[in-house]
Amino acid sequence: MASPNPNLHLGLSLLSLFLFLSLSKPTVSAQDPISVYEILPKYGLPSGLLPDSVTNYTLSDDGRFVVLLEKPCYIQFEYLVYYDKQIIGKLSYGSITDLKGIEVQRFFLWFDVDEIKVDLPPSDSIYFQVGIINKKLDVDQFKTVHSCGNKVSGSCGGFWNRIIELPTPMDDIQMLITE
């Protein structure tokens with residue numbers, strides 16, 4: 001009778017180990033993923049920098065991030081702020097740089113927000129870099145997460161919507177014809 005082949009036993013052992021590892025589930029339970037609103041304070045930033053409509057986000061090891069919203073929206077802070085559906089940038093302690101997807105309205109014009117920074121150690125101020133302008137604001141208005149609005153609102157929002165509104169087409173207006 002032939003002796004058992006040691007290579008056959010090694011092959012069967014490796015195959016069994018591979019099947020066991022591929023079919024078994026890890027015993028460590030997965031926790032709920034951390035929300036973007038919990039991540040911002042870990043970087044020294046207020047959680048209310050983003051609207052409540054975040055559907056997903058990714059954050060890489062180098063701090064680069066992508067935040068997805070349900071849809072573009074507006075929030076009225078000291079200034080009216082527009083959030084695009086996708087916001088990208090680089091997160092580091094006390095700042096967001098290379099920012100794309102957030103705009104602020106000033107004097108009826110919209111400007112890209114390039115950077116957001118806070119003082120270290122923390123103070124009552126937050127700074128928004130818009131082009132070459134660095135605007136200092138009270139950080140308290142960004143401490144709570146705000147709801148999105150789909151269009152301009154506020155004390156004069158309705159006024160400007162009426163001015164900017166397109167005229168009604170002539171076909172819809174009943175005209176009085178006199179002879």
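## The disulfide

C148 has a relative accessible area of 26% and is therefore partly exposed, since the partly exposed class lies between the buried limit of under 20% and the exposed limit of over 50%. The model is a predicted one, and a search of the whole structure turns up one disulfide. That disulfide joins C73 to C148, with an S to S distance of 2.0 Å. The two cysteines belong to distant parts of the chain, 75 residues apart. C73 sits in strand 3, whereas C148 sits in the loop between strand 9 (133-138) and helix 3 (157-164). A disulfide is a covalent bond between the sulfur atoms of two cysteines.

The two ends of the bond fall into separate burial classes. C73 has a relative accessibility of 1% and so counts as buried, while C148 at 26% is partly exposed.

## S53 beside the disulfide

S53 touches both C73 and C148. Its other contacts, leaving out residues up to four places away in sequence, are Y37, L68, L69 and E70. S53 lies in the loop between helix 2 and strand 1 (54-59). Although it is a loop residue, S53 counts as buried because its relative accessibility is 6%, and the limit for that class is under 20%.

## Strand 3 and its hairpin

Strand 3, which holds C73, has two faces that differ in cover: C73 and I75 are on the covered face, Y74 and Q76 on the uncovered one. In a regular strand the side chains alternate between the two faces of the sheet.

Strand 3 pairs with strand 4 in the antiparallel sense, over four bridges. One residue pair in this arrangement is Q76 with L80, its bridge partner in strand 4. The two strands form a hairpin, with three residues between them.

## Overall layout

The protein chain contains three helices and nine strands. From the N terminus, their order is α-α-β-β-β-β-β-β-β-β-β-α. Of the contacts with a separation of 6 or more, 38% are between residues 24 or more positions apart.

Buried residues account for 26% of the 179 residues in the chain. The chain exposes about 13,100 Å², and carbon and sulfur atoms supply 59% of that area.

## The nonpolar core

The largest nonpolar core has 31 residues. Those with the most contacts inside this core are L49, Y83, I87, I96 and I126. Two or more core residues come from each of helix 2 (36-42), strand 2 (64-69), strand 3 (73-76), strand 4 (80-92), strand 5 (95-106), strand 7 (115-118) and strand 8 (125-130). In soluble globular proteins, nonpolar side chains tend to be buried together.

I96 has contacts with L40, L45, L49, F65, K90, L91, D114, E115 and I116, with residues up to four places away in sequence left out. L49 is thus a contact of I96 as well as one of the residues with the most contacts inside the core.

F65 lies in strand 2. Its relative accessibility is 11%, so F65 counts as buried. Beyond its neighbours within four places in sequence, F65 is in contact with T58, L59, I87, I88, G89, K90, L91, I96 and L99. Two of these contacts, I87 and I96, are among the residues with the most contacts inside the core. F65 and L91 are 26 residues apart in sequence, and their C-alpha atoms are 7.0 Å apart.

## Backbone points to check

Most residues other than glycine have a negative phi, and most peptide bonds are trans. Three places in this model depart from that pattern. D98 is not a glycine but has a positive phi of about 50 degrees. D98 is placed in strand 5, and its relative accessible area of 42% makes it partly exposed.

F107 also has a positive phi, about 55 degrees, without being a glycine. F107 lies in the loop between strand 5 and strand 6 (109-112). With a relative accessible area of 61%, F107 is exposed, as the cut-off for that class is over 50%. The remaining case is the peptide bond from L120 to P121, which is cis, with omega near 0 degrees. P121 is in the loop between strand 7 and strand 8.

Key:
Residues numbered from 1 in each chain as written. Predicted model: local features only at pLDDT ≥ 70, side-chain atom pairs only at ≥ 80, totals over all residues. Heavy atoms only, no water. Core = buried A, V, L, I, M, F, W, Y, C linked by side-chain atoms within 4.5 Å. Buried < 20%, exposed > 50% of the residue type's maximum accessible area, 1.4 Å probe, protein only. Contact = heavy atoms within 4.5 Å. Areas by Shrake-Rupley, 256 points an atom, 1.4 Å probe, with all protein chains shown as cover. Pairing = 2+ DSSP bridges. Disulfide = S-S within 2.5 Å.
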